[in-house]
Amino acid sequence: MKKNLKIIISMLLSASLIFSLAACGKGEEAKEINIMTWADFIPREIIEQFEEETGIKVNYKEVASNEDMQSLLEASPDQYDLAVVTDYMVDILRRNENIQKLDKDKLPNFSNLNPVYQGQYYDESDEYSFPYAISTSFLLVNPEAVEELGANPITSYEDLWQEELDKNLVVIDWSVEIMGLVLKTLGYEYNETDPEIVAQAKDKLFELKDNIMRFETNTPEDSLLNGEAVAGFMYSNQAVKGQAANDKLEPVFPTEGFPMYIDGFVLSSEAPNLDYAHEFLNFILEPEISAKISELTSFTNPNVAAQEFLPEDFKNNIMLNPTDDIISNASLYIDVDAVLEEYEHIYSEFKMK
Amino acid sequence: MNKTSNRFRTFYLSLFFVILYIPVLGVVLYSFNKSPSTASWTGFTLDWYRDLFNDKVIIESFKISIKVALLTSILSAILGTTTAIISTYVTSKMENVIRGVMILPLLVPEVALGVSLLLFFSTLNLPFGILTLVLSHSLFCMPYVYLMVLLRLKEIDISIIESAKDLGATRWQVIKTILLPLVTPSIITSSLLALAMSLDDVVISTYMSGPTSTTLPVHIFSMMRVGVTPKINALSTLILVGTFFIVGLSQLLNKKSNQ
Amino acid sequence: MFNKEKFKQNAPAIPVLIWVGFLVGLPLVFVIILSFLTRDDLGNVVIKFTLSNYKKIFDPTYLKVFFNSFLLATLTGLITLIIGYPVAYFTANLSPKKRSLSIGLIMLPFWISSLLRTYGWIILLGNTGIINNILTKLNIIQSPFNMMYKFSTTLIGTAYMLIPFMIIAIYNSVDKLDKSLLEASYDLGASKRQTFLNITLPLTLPGIAGGFTLVFIPSLGLFFISDLLGGGMTLFLGNVINSQVTKGRNKPLAAAFSIGMIILVLIILYLYGKLTKDKKGEGLF
């Protein structure tokens, strides 16, 4: 028994060693804020500039999805001050009371924002969030390759169903996006719940299967660059990258309409460093900083005052700086959560067909 | 062994290693590619290496990964070996219970384990960081050590232990002088495995890392929205070269000391 | 082995059981409970008992997912066994110094992120990849040959990722093989093949069983390999569980799938333990 004790003690010792090691890292109250979002979504340069100017240390928790951020904010709201999440997630976080109202008195730069992107369904009076980066998704097409296949030029979603495009499309890998694409093609809205319409969309979706060669959310532009696909439905920052690598690739904003995403800053319900967090937010809203962020990350800029600081080629790029005309055809995914389960099931069936 | 089978052995192993390393060489190759995309080769550059050294985030996350992996492999080596040795002393019913419990971490899908540990640790009010990372990683690494050590323990000739006991050896002495030396090779290979698995974990680490403790794989995965840069390829190349260098050096030193 | 009082004998195991039981058992219980709960329209988990998550698993689409994953995991196990066994066997027969070099070489790639190594396969097999480049340059093929986004691509990637587990497990059991047994067999006039089939193979069976377990289980849960190499064209359990937690925001369904997967593994392990049960009772788990 004594020997057993030795084993137990050595185990406990090793465990406590680990505990104490970890405790070392904790440190005392410091001038810092904790931000959470995708890696590089807030460029390092910007954060370093902020740290230099204010002496506030920025800890950047990197995550891969909106849903991860939700789980983390829910589990430990006092560990985080700020997060950047996509529109629909602002809605969920707000309704679940995981985020708190912004103190606009501390955000004099708030007025710089473009009202076009404000007052959206997820935060009608702009109390909980403000837009940080705008993106859309649309088609990136290789017109020459489409012609070579003997297909008609692609100008709308409907054109994706052409037989000639067999195994030549790459699309975003998410039920909501793909069901949305089909619903728009049929002339409906994104969040249709009517069983008849959904059934109609399902049939239409299944007809598309043969034309898809790959589902890819992160680097779909690569498929156009290496020639395995002739057209892709992808996010704007990816299309920008694709076109930069091959100028023969052209963006096509489908006539039926296309989705827009507004990524915005939100404040955790138990944010420990409110003042510093607001200081950071105000910094982000400064025109020059905002312009620099858009340039570095390839997202559309929601800051009116920042427009004059944007470089010419950014302003002239229709994907980064879409005209009002184009934007009027874009819409957010509203209330998808109510239909998500159904869409997911159809999507799984579609993939396993 | 005769010559032909020796030659076949060398051939087979060489072929295996070539195939094993081809994808790795692809990673190395594209660390020198001008274009940030893997879709095409547009020319040779060393820029990614320069950028890598200026990228504090990557360097920092790499350091954290190494720290976590080392602590994890030590902790899982201790726990796994202890468990394996203990399991040979308990009743056979208890042994089965231990086996069952040790397979649990392998059975539960990573996401499920990650999300539940997140809730669990935040209820306990543990600060998320190195501690939670090491605790959670050792959970799925420990079974491997346990398994490998157990495999070897089972093969040990009971008569050795019996005779040691007849000579008056205590249980602790038996463990220290007979069992441990015999299982050491298994402990080493399985802790290397644990090290590699901890270094590579992304799903559980996503939930277990705190604001100041992003690990390298988490960094890479969360880069996907904005785009993974070849800086990561550059870092991997350096890790490879560095490890090769260390391994080669130790082989050389070994040779010298043998002479 | 020791005839002591049962409790005293079992006492040392208690801390281990508490440690693992606490950290994995509790989450497991949590997952089980979760799988019977409901998701509301916001994606939140509501405490309302339901069996509908399990009903969904038996939907033909998801049954196909189970079958797909089972097929992938089994084939991965077989491929890694066939390729890995000789590697382990030969490695164990090398001189001690070469042996550690070989083990080192097997482990080394695993210091590199598996995501990157998966990209490495794309660099190799892709449309503008190394193989296609060489073949077109040599005029063997005119236009790139499509090797990506197939079941087989996923299989290659998965086997590649998991083969060290198989090799290490088999290596451990070949390594401790009593060499005198082999010599005795040769002395008795047995051929190499006979010796291998009658002695080496049966004696390394625990290693094979262990390796198979260590490869089979993780290959059910991997998800990004089929996303990247398989192009997301079909679903596997790992994908479904992961995407139900994130994209689908349906944790109860993901939990039910997890339980389904655990049950699948337990059934496989049980059957498999029955099949390979040798006299020593080393079914490993």
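This tour walks through contacts among chains A, B and C in a predicted model.

**Stop 1: chain B against chain A**

Select chains A and B. Here 40 residues of chain B are in contact with 35 residues of chain A. Now colour the helices of chain B. Those that each supply at least two residues to the side touching chain A are helix 3 (56–89), helix 5 (110–123), helix 6 (130–153), helix 8 (171–200), helix 9 (203–208) and helix 10 (216–222). Helix 3 of chain B gives the largest share of that side, 7 residues. By class, the side of chain B that touches chain A holds 23 nonpolar, 15 polar and 2 charged residues.

**Stop 2: chain B against chain C**

Hide chain A and show chain C. This contact involves 72 residues from chain B and 70 residues from chain C. On chain B, the helices that each supply at least two residues to this side include helix 1 (3–29), helix 4 (92–107) and helix 11 (231–258). Start with helix 1 of chain B: its 13 residues are the largest share of the side that touches chain C. That side of chain B has 51 nonpolar, 14 polar and 7 charged residues.

**Stop 3: a helix pair between chains A and C**

Bring chain A back. Select residues 336–352 of chain A, helix 14, and residues 60–92 of chain C, helix 4. Their axes come within 9 Å and cross at roughly 55 degrees, so helix 14 of chain A and helix 4 of chain C are oblique to each other. The crossing is left-handed.

Zoom in on the side chains. A:S348, A:E349 and A:M352 meet C:T61, C:Y62, C:K64 and C:V65. The residues of this helix contact divide into 3 nonpolar, 2 polar and 2 charged.

How values were computed:
Residues are numbered from 1 along each chain as its sequence is written. Chains are lettered from A and ligands numbered from 1 in the order in which they are written. This is a predicted model: local features need pLDDT of at least 70, side-chain atom pairs count only at pLDDT 80 or more; totals for chains, interfaces and linings use all residues. Two residues are in contact if their C-beta atoms, placed from the backbone, lie within 7 Å. Helices (H or I, at least four residues) and strands (E, at least two) are DSSP runs, numbered from the N terminus. Ala, Val, Leu, Ile, Met, Phe, Trp, Tyr, Cys and Pro count as nonpolar, Asp, Glu, Lys and Arg as charged, and the others, Gly among them, as polar. Axes are lines fitted to C-alpha atoms, for helices over the stretch in contact, and angles run from 0 to 180 degrees between N-to-C directions. Angles under 35 degrees count as roughly parallel, over 145 as roughly antiparallel, 65 to 115 as roughly perpendicular and the rest as oblique. A crossing is left-handed if the near helix is turned anticlockwise from the far one by less than a right angle, and right-handed if clockwise.
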